Amino acid sequence: MTPELLTVLLISGGVLIFLAIFFTLVPIPLWISSLAAGVRVSIFTLVGMRLRRVTPSKIVNPLIKAVKAGLNLNTNQLESHFLAGGNVDRVVNALIAAHRANIELSFERAAAIDLAGRNVLEAVQMSVNPKVIETPFIAGVAMNGIEVKAKARITVRANIDRLVGGAGEETVIARVGEGVISTIGSCHDQKEVLENPEMISRTVLAKGLDSGTAFEILSIDIADIDIGKNIGAVLQTDQAEADKNIAQAKAEERRAMAIASEQEMKSRVEEMRAKVVAAEAEVPLAISEALRDGNFSVMDYANYLNVTADTKMRQAIGGQSSPNDSQ
């Protein structure tokens, strides 16, 4: 290989490496597209994006859309939002939609909404076309104890000014549910709710439930009303059952006390009988002692035995003749 050929090959290789690095750092097709769209983006700006690890297409293409839509944006704004972790294309689409709908929305507010985790494009679309939120069945109990179930449809519109820091749909549904329950609870019976369901809507709307939220409540419509269980009757039944159990427990306690008292009286009777038997056992001893001391003669003892025998005979006769007497 001659020195001239080697030189040519080295120069050609260097040129190829330079062109590869150049086209890698400089997106020429994207630069040409921006020039054709009337967006002035310099080559050095595109190279700087590459060096800052920013994808130029994600900045230039939204910028082209924004300029064509009549928005005054620059690459620094879009690039800073991209580096902060935002969705540049969605923010630009939201700005274009707000501009078309004559909604005042600055790039800074749109970027803040996007960085806050909310879908700024959906919020703008909801500002133009309100959204309907349907709640599940909300159960309330009227004053007469009848359960009333109501389902509401809430028409809301996004409030751009309160999207950052404002509560979401869950808070709106919870507040509406609380208002429906309190309204049903203030009614005397379920007929009042069935006859005038718009009363719930008026009462709930008058409470200003959208304060502190990212939405503006336009209307609350009661879509369906059902009658549930008789909660008052169920509570009364449970109370009666509890009272019955308490009464049964007290009666059982009294029965146990009566049984204990009866057993105590029986034991006392047996005790008294034992005392009688003991006293009767002392009679022969007293008679024998009287005989020894001469205080009681043999004839007296014989008379005592006769009296005892006559008493037993009379008792026997009285026991046998008692049925005849009753007849």
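Mentor: A crossing is left-handed if the near helix is turned anticlockwise from the far one by less than a right angle, and right-handed if clockwise. Keep in mind that this model is predicted.

Trainee: In which hand does helix 5 pass helix 7?

Mentor: The axes of helix 5, residues 75-83, and helix 7, residues 107-115, come within 11 Å of each other. With the convention above applied to this pair, the passage of helix 5 across helix 7 is right-handed.

Trainee: Are helix 5 and helix 7 roughly parallel or antiparallel to each other?

Mentor: Their axes cross at roughly 15 degrees, and angles under 35 degrees count as roughly parallel. The two helices, helix 5 and helix 7, are therefore roughly parallel.

Trainee: How many nonpolar residues does the contact of helix 5 with helix 7 have?

Mentor: From helix 5 come Gln-77, Leu-78 and His-81, and these meet Phe-107, Glu-108, Ala-111, Asp-114 and Leu-115 of helix 7. Sorted by class, this contact has 2 charged and 2 polar residues, while the count of nonpolar residues is 4.

Trainee: Which three residues supply 54% of the area that domain 1 buries against domain 2?

Mentor: The protein is divided into domain 1, spanning 14-125, and domain 2, spanning 129-231, and their C-alpha centres lie 43 Å apart. Contact between the domains involves 10 residues of domain 1 and 11 residues of domain 2, and the area buried between them is about 800 Å², with 59% given by carbon and sulfur atoms. On the domain 1 side, the three residues that supply more of the buried area than any other three are Arg-109, Arg-118 and Ala-123.

Terms used. Residues are numbered from 1 along each chain as its sequence is written. This is a predicted model: local features need pLDDT of at least 70, side-chain atom pairs count only at pLDDT 80 or more; totals for chains, interfaces and linings use all residues. Side-chain values use heavy atoms; hydrogens and water are left out. Axes are lines fitted to C-alpha atoms, for helices over the stretch in contact, and angles run from 0 to 180 degrees between N-to-C directions. Helices (H or I, at least four residues) and strands (E, at least two) are DSSP runs, numbered from the N terminus. Angles under 35 degrees count as roughly parallel, over 145 as roughly antiparallel, 65 to 115 as roughly perpendicular and the rest as oblique. Contact means heavy atoms within 4.5 Å. Ala, Val, Leu, Ile, Met, Phe, Trp, Tyr, Cys and Pro count as nonpolar, Asp, Glu, Lys and Arg as charged, and the others, Gly among them, as polar. Domain bounds come from an automatic or database domain assignment. Buried area is the accessible area (1.4 Å probe) that two parts lose on being put together, summed over both.
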